[in-house]
Amino acid sequence: MGDKLDEGNSVWMSRLPEEHLDVSLWNLAIPGSHDSMSFCLDVSSPVLESESRFLKIVDKVAPCWTRPCVSRWATTQQAVLGRQCDLGIRFLDLRIARKPKDCYDLFFAHGIYTWITVKEALDDLATWLDAHPREVVIVCCSHFADLTLGDHTRLVEYLISLFGTKLCCSQDNPTLRSCWSRGQQVIVSYDNQEMVQRHSELWTGIPYWYADSPDPNKVIAYLEAQKQKGRPAGFYISGLNLTEHAAYILFHPLQSMRKMTTQAIMLLLGWVREQRPGPQAGCVNIICCDFVDVAQFCDDVIGLNYKGGVDRDKTDHVFVVTQKSRDQKSDRSRRA
């Protein structure tokens, strides 16, 4: 992917045609990265407490084997956050955790912990946003492995102090024009209802459609079946990410998540190119993928916004409600 194309994707929202500027962000096609911080997993850290008892026992006996293996399969990105945003990513999947022996700093985790702290990553994102004032990023904070109420309180206070007036209130119906007029650039989805109820700056967790399969054909079939049920109100995610299971890893000892994704990416992108954003049933919104620097994932998702005419937000009266009052029964249980 050339430098010229990357520069275009770094400001793709600001370059959308005039007719897109008053469309709700949940009716645009938005590229996202699955497990955005997994590029910096720390092989010297233990496996998460939430992992299987068997894996934790093996990790204590042979960490020199388990941790590189976990890292090989849990690493789903290779580009740092700023680079992901330059590629066109506007949805970040941040899975936050407390390390067992760390007293204060929070990290990210996917199987094992990262070496970059949450504060460092958020600071880097804030710097990128300052340099791109007409781009809007959705930050999804979730999982929260072993966080205490105090951890949540400090994290939310830091988010609010760092992004300040850049935060889009959960009671808003955000469009690019409305965000630009208010200087808003960040939508924070926070998957802890107690914190969401306390802070109007936080949005509830976003539904994530996820097939839980290593087979790209099954991923596509699952997403198509979900589309037949109708899209959720507001933001939602279609996950292209493949999922390995213990049996799969056992029978593919020389493979990795990157290799598995690379082999499937053209089939998955073929499905992407057939989609259309908008408020109607069957339309897409956020599409997440592993290794977003591979092939032309961001180009293909962004390109959906130029596909045919713009679907006006005919059903926006359904969406203009606070996030806190939205139906919590939407399909959020299947999280990647």
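Three exercises with worked solutions follow, all on a predicted model.

**Exercise 1. Packing of two helices**

Task: State how α9 is oriented relative to α11, roughly parallel or roughly antiparallel, and which residues form the contact.

Solution:

1. Two packed helices are described by the angle between their axes and the distance between those axes.
2. For α9 (residues 216-228) and α11 (residues 257-273), the angle is about 20 degrees and the axes lie 9 Å apart.
3. Angles under 35 degrees count as roughly parallel, so α9 is roughly parallel to α11.
4. The crossing of the two helices, α9 and α11, is right-handed.
5. On the α9 side, the contact is made by P216, N217, V219, I220, L223, E224 and K227; on the α11 side, by A264, L267, L268 and W271.
6. Sorted by type, the residues of this contact between α9 and α11 comprise 8 nonpolar, 1 polar and 2 charged.

**Exercise 2. A salt-bridge network**

Task: Find which residues are linked with R177 in a network of salt bridges, and where in the chain the partners lie.

Solution:

1. Side chains of opposite charge can pair when their charged atoms come close.
2. A salt bridge requires a side-chain nitrogen of Lys or Arg within 4 Å of a carboxyl oxygen of Asp or Glu.
3. R177 and E18 form such a bridge, with 2.6 Å between the closest N and O atoms.
4. E18 sits in the loop between α1 (3-10) and β1 (30-33), whereas R177 belongs to helix α7 (residues 176-182); the two are 159 residues apart, so the pair links distant parts of the chain.
5. R177 also bridges to D22, where the closest N and O atoms are 2.8 Å apart.
6. D22 is in the loop between α1 and β1, so its pairing with R177 in helix α7 ties together parts 155 residues apart in sequence.
7. Together, E18, D22 and R177 make up a network of salt bridges.
8. Partly exposed means a relative accessible area between 20% and 50%. R177, at 32%, is partly exposed, and D22, at 40%, is as well.

**Exercise 3. A salt bridge inside one helix**

Task: Determine which helix holds both R198 and E194, and how many residues apart they are.

Solution:

1. The side chains of R198 and E194 form a salt bridge, at 2.9 Å from N to O.
2. Helix α8 (residues 193-198) contains both R198 and E194.
3. R198 and E194 are 4 residues apart, about one turn of the helix.
4. R198 has 46% relative accessibility and counts as partly exposed; E194, at 40%, also counts as partly exposed.
5. For the structure as a whole, the count of salt bridges is 17.

Conventions:
Residues are numbered from 1 along each chain as its sequence is written. This is a predicted model: local features need pLDDT of at least 70, side-chain atom pairs count only at pLDDT 80 or more; totals for chains, interfaces and linings use all residues. Side-chain values use heavy atoms; hydrogens and water are left out. Axes are lines fitted to C-alpha atoms, for helices over the stretch in contact, and angles run from 0 to 180 degrees between N-to-C directions. Angles under 35 degrees count as roughly parallel, over 145 as roughly antiparallel, 65 to 115 as roughly perpendicular and the rest as oblique. A crossing is left-handed if the near helix is turned anticlockwise from the far one by less than a right angle, and right-handed if clockwise. Contact means heavy atoms within 4.5 Å. Ala, Val, Leu, Ile, Met, Phe, Trp, Tyr, Cys and Pro count as nonpolar, Asp, Glu, Lys and Arg as charged, and the others, Gly among them, as polar. Buried means under 20% relative accessible area, exposed over 50%, partly exposed in between (1.4 Å probe, protein chains only).
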